[in-house]
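Visitor: I should be grateful for a close look at one part of this protein. Please take a single residue as the point of departure and then set its surroundings in context.

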Amino acid sequence: MNAVAPLLFVVIWSTGFLVGRGVSAHADPFWFLAARFVGVATLFAAAAWWARVEWPRGPRRVLLHLAAGALMNGLYVGPSWWSMSRGLPAGVMALIGALQPLFTALIAVAVLRRRLGASTWAGLGLGFGGVAMVLWPRLSASAGAAALGLPVLLAAAGSILALTVGSMVQKSPLAAGDLRSASAVQNLGSIAVLLLMAVCLGEPRWDGSPLLWGYLAYSVLVLSIGGTSLFIWLMRRGEATRTAALVLAVPPLSALQAWAIFGETLSALQVVGFAVAIAGVALARR
């Protein structure tokens, strides 16, 4: 299981960007995600009740769980799906997501006052430079469907920052506990954030098509119950390093899937940018 779990997680993780891209044509992303995490919280709570496991106790521990859920699910998935609904390609969003280690390094410098080696700084430059190459054709477009606005890019970058901070909270000893009860509480934090964003930024759009309900079932059972649980399980078992290495395969895998399903294409400059950014993340990780 230890050998297969990281690979399985990467495959599941890559499909999340495809689901986010597909949902945008059928429902508002914030309302869809709120419904998704209501379903996830309900299933985890039922599993915890059935197994009679211990629930998180103490205000500080509960708040840490709520914060982890709000960051990793609400403030990460919500803005990233909103960005894709506003024209950001799924493969490009996956590439921006792969920059999480670079955001971690920046937090280490800015907040923890740590010093980075030359290879890490070089990786930072390559990583962000490669993403700039990927985004440049869309940023240079003055108008039309090809253009990307600054709010879209800020939302995408902010979502990865939220995931980075949320991962740090998730690995805190205070956030430990049974996975079922912990996930039920954490998803309450994500629901609160997503409902707030839905009310402030969303629109009541839900076409009720069979495809949309299929997306919802897949999101609840595979992406959240399967993928997120697997992610937390890997971190708690010390498999973060192996998983982090395989996560570099997520952007090209998502881009390939987006090309096959939605017809998203990349120019030669963007393909080179993909390679440069992934090389930068790998270098910084070393």
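In which helix does Leu195 lie?

Guide: The model under discussion is a predicted one. Leu195 is found in helix H8, which covers residues 179–201. Leu195 counts as partly exposed, because its relative accessible area is 36%. Together with Trp31 and Val199, Leu195 forms a nonpolar patch on the surface. The accessible area of these residues together is about 270 Å².

Charged residues in this part of the model may be taken next. Asp28 is placed in the loop between helix H1 (4–23) and helix H2 (29–51). Outside its neighbours within four places in sequence, Asp28 contacts Gly202, Glu203 and Arg205. Asp28 is buried but has no salt bridge. The nearest side chain of opposite charge belongs to Arg205, at 5.2 Å, whereas a salt bridge requires a nitrogen within 4 Å of a carboxyl oxygen. Arg205 does form a salt bridge with Glu203, with 3.1 Å from N to O. Arg205 is partly exposed because its relative accessibility is 27%, and Glu203 is likewise classed as partly exposed, at 39%.

Helix H2 also holds Arg36, another buried residue without a salt bridge. For Arg36, the nearest side chain of opposite charge is that of Asp28, 13 Å away. When residues up to four places away in sequence are set aside, Arg36 touches Val77, Trp81, Leu216, Ser219, Val220, Leu223 and Ser224.

Trp81, one of these contacts of Arg36, leads to the interior. Trp81 is among the residues that touch the most other members of the largest nonpolar core, which has 70 residues. The others in that group are Phe17, Val23, Phe32, Leu88, Met93 and Ile96. Phe17 is in contact with Tyr76, Met84, Ala90, Met93, Ala94, Val250 and Ser254, residues up to four places away in sequence not being counted. Apart from this core lies another, of five residues, including Leu64, Ala68, Leu71 and Ala162.

The salt bridge between Arg205 and Glu203 belongs to a set of four in the structure. Another joins the side chains of Glu264 and Arg21, at 2.8 Å from N to O. Glu264 is in the loop between helix H11 (250–262) and helix H12 (268–285), and Arg21 is in helix H1, so this pair ties together parts that are 243 residues apart in sequence. Glu264 is buried, its relative accessible area being 15%, while Arg21 is partly exposed at 25%. A further salt bridge links Arg57 and Glu54, whose closest N and O atoms are 4.0 Å apart. In this pair Arg57 is exposed, with 62% relative accessibility, and Glu54 is exposed as well, with 54%.

The protein as a whole provides the setting for these details. The protein has 12 helices and zero strands. Of its 286 residues, 50% are buried. Among contacts between residues at least 6 apart in sequence, 89% join residues at least 24 apart. The accessible surface of the protein amounts to about 13,200 Å², and carbon and sulfur atoms account for 70% of that surface.

Technical notes. Residues numbered from 1 in each chain as written. Predicted model: local features only at pLDDT ≥ 70, side-chain atom pairs only at ≥ 80, totals over all residues. Heavy atoms only, no water. Core = buried A, V, L, I, M, F, W, Y, C linked by side-chain atoms within 4.5 Å. Buried < 20%, exposed > 50% of the residue type's maximum accessible area, 1.4 Å probe, protein only. Contact = heavy atoms within 4.5 Å. Patch = residues over 30% accessible without salt bridge, like charges linked within 9 Å, V, L, I, M, F, W, Y side chains within 5 Å. Areas by Shrake-Rupley, 256 points an atom, 1.4 Å probe, with all protein chains shown as cover. Helix = DSSP H or I, 4+ residues; strand = E, 2+ residues; numbered from the N terminus. Lys, Arg positive; Asp, Glu negative; His and termini not counted.
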